[in-house]
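Please load the model in your viewer and keep the sequence panel open beside it. The stops below can be selected one after another.

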Amino acid sequence: MKYPKSLQDLIDSFQKYPGIGPKTAERLAFFTVMKMNAEEVKKFSLSLNEVVEKIKPCKSCGNLTDAEICNICLDETRDNILMVVEGTKELMVLEKTNQYNGKYFVLNGVISPLNGIGPDELDFDKLIKKIDEEKIREIIIATNATVEGEMTALYIKNIVKNKDINIYRIGYGLPAGADIEYADEITLIKALEGKRIM
Ligand SMILES: [Zn+2]
């Protein structure tokens with residue numbers, strides 16, 4: 001016997017999430033149907049629709065936002081320093097340390113030849129434009145300490161090295177292979193303090 005189509009569709013949707021296998025997807029779908037009330041489910045489906053419609057990368061820095069330009073880019077009290085991060089999650093983690101008052105550039109990915117992601121897939125032109133237009137005087141490359149993160153950092157260094165700016169790599173008290181997203185605050189503060197010239 002098969003599940004009714006709408007239930008099977010929901011199971012299939014849950015299975016699209018990373019780390020969710022068929023059994024867990026089934027459990028989540030059943031939980032939705034049996035344990036959540038109609039209002040909660042409606043709210044959930046509304047959020048899904050809304051993020052698809054409203055959330056997009058900031059035109060200036062790539063940070064996920066519901067406006068054309070994100071709050072951080074609009075904040076005139078921020079220093080003309082640019083921290084380059086892999087994603088908005090990393091930006092949020094770094095913001096929480098309260099140790100940095102510059103701007104960001106969010107790559108929304110890393111160079112990863114194994115996954116078919118070359119430099120053309122990431123918007124480095126936008127990075128160059130931001131550096132030039134906003135007269136950035138320093139960039140700190142805070143990609144993760146993974147092979148892809150290091151590769152991306154080196155690529156960025158090469159495309160900006162002719163500009164009159166200081167280029168730093170975030171200092172890693174983080175173990176090799178570590179994701180910034182999961183680092184604790186103390187480690188991150190140390191990593192910011194330990195930035196080194198590239
Ligand atoms: Zn922005």
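**A tour by selection**

Begin with Lys135, which counts as exposed because its relative accessibility is 66%, above the 50% that marks the exposed class. Lys135 is found in the loop between H6 and S5, and its phi is positive, at about 50°, although the residue is not a glycine. Most residues other than glycine have a negative phi. Bear in mind throughout that this is a predicted model.

**The whole chain**

Zoom out and show the full chain as a cartoon, in which eight helices and seven strands can be followed. Along the principal axes, the C-alpha atoms fill a box of roughly 65 × 35 × 35 Å. Of the 198 residues in the chain, 37% are buried. If contacts with a separation of 6 or more are considered, 57% of them are made by residues 24 or more positions apart.

**The zinc ion**

Select the zinc ion next, together with Cys58, Cys61, Cys70 and Cys73, whose SG atoms coordinate it at 2.3 Å. The angles that these four donor atoms subtend around the zinc ion run from 103 to 116°, and therefore the arrangement is tetrahedral. For comparison, the ideal angle for four tetrahedral donors is 109.5 degrees. In the sequence panel the donor residues of the zinc ion follow the spacing C-x2-C-x8-C-x2-C.

How accessible are these cysteines, buried or exposed? Cys58 and Cys61 are both buried, and for Cys58 the relative accessible area is 0%. Cys73 also counts as buried, because its relative accessibility of 17% is under the 20% cut-off. A search for disulfides anywhere in the structure will return zero.

**The sheet**

Now select the open sheet of five strands, in which the order is S4-S3-S5-S6-S7 and the pairing is mixed. At its edges stand S4 and strand S7 (196-197), and because each has a single partner strand, one side of each is left without a neighbour in the sheet.

Move to strand S5 (residues 138-141), which runs parallel to S3 and is joined to it by four bridges. Across this pairing, Leu82 stands opposite Ile139, while Met83 stands opposite Ile140. S5 is also joined by four bridges to strand S6 (residues 166-169), again in a parallel arrangement, and here Glu138 has Asn166 as its bridge partner. Showing the side chains of S5, you will find Glu138 and Ile140 pointing one way and Ile139 and Ile141 the other way, with all of them buried.

**Two nonpolar cores**

Which residues have the most contacts inside the largest nonpolar core? In this core of 23 residues they are Met83, Val85, Leu94, Tyr104 and Ala142. Helix H4 (71-74), strand S3 (81-85), helix H5 (88-96), strand S4 (103-106) and helix H8 (185-193) each supply at least two residues of the core. Another core, of 17 residues, lies apart from it and includes Leu107, Ile139, Ile156 and Ile165.

Return to the largest core and centre the view on Leu94, which, leaving aside residues up to four places away in sequence, touches Met83, Val85, Tyr104, Ala142, Ile180, Leu188 and Leu192. From there, select H8, where Thr187, Leu188, Ile189, Ala191 and Leu192 are buried, and note that S3 and H5 are among the elements that cover its buried residues.

**The loop between S4 and H6**

The last selection is the loop between S4 and helix H6 (124-133), in which Ile117 lies. Ile117 is partly exposed, as its relative accessible area is 29%, and it touches Val110, Ile111, Ser112 and Leu122 when residues up to four places away in sequence are not counted. A C-alpha to C-alpha distance drawn from Ile117 to Asn166 comes to 27 Å, for two residues that are 49 apart in sequence.

Asn108 lies in this loop between S4 and H6 as well. With a relative accessible area of 39%, Asn108 is partly exposed, and its phi, near 55°, is positive in a residue other than glycine.

Conventions. Residues numbered from 1 in each chain as written. Predicted model: local features only at pLDDT ≥ 70, side-chain atom pairs only at ≥ 80, totals over all residues. Heavy atoms only, no water. Donors = N, O, S within 2.8 Å, 3.2 Å for Na, K, Ca; no water. Tetrahedral: all angles 85-135°; square planar, octahedral: opposite > 155°, others 65-115°. Buried < 20%, exposed > 50% of the residue type's maximum accessible area, 1.4 Å probe, protein only. Core = buried A, V, L, I, M, F, W, Y, C linked by side-chain atoms within 4.5 Å. Contact = heavy atoms within 4.5 Å. Pairing = 2+ DSSP bridges. Disulfide = S-S within 2.5 Å.
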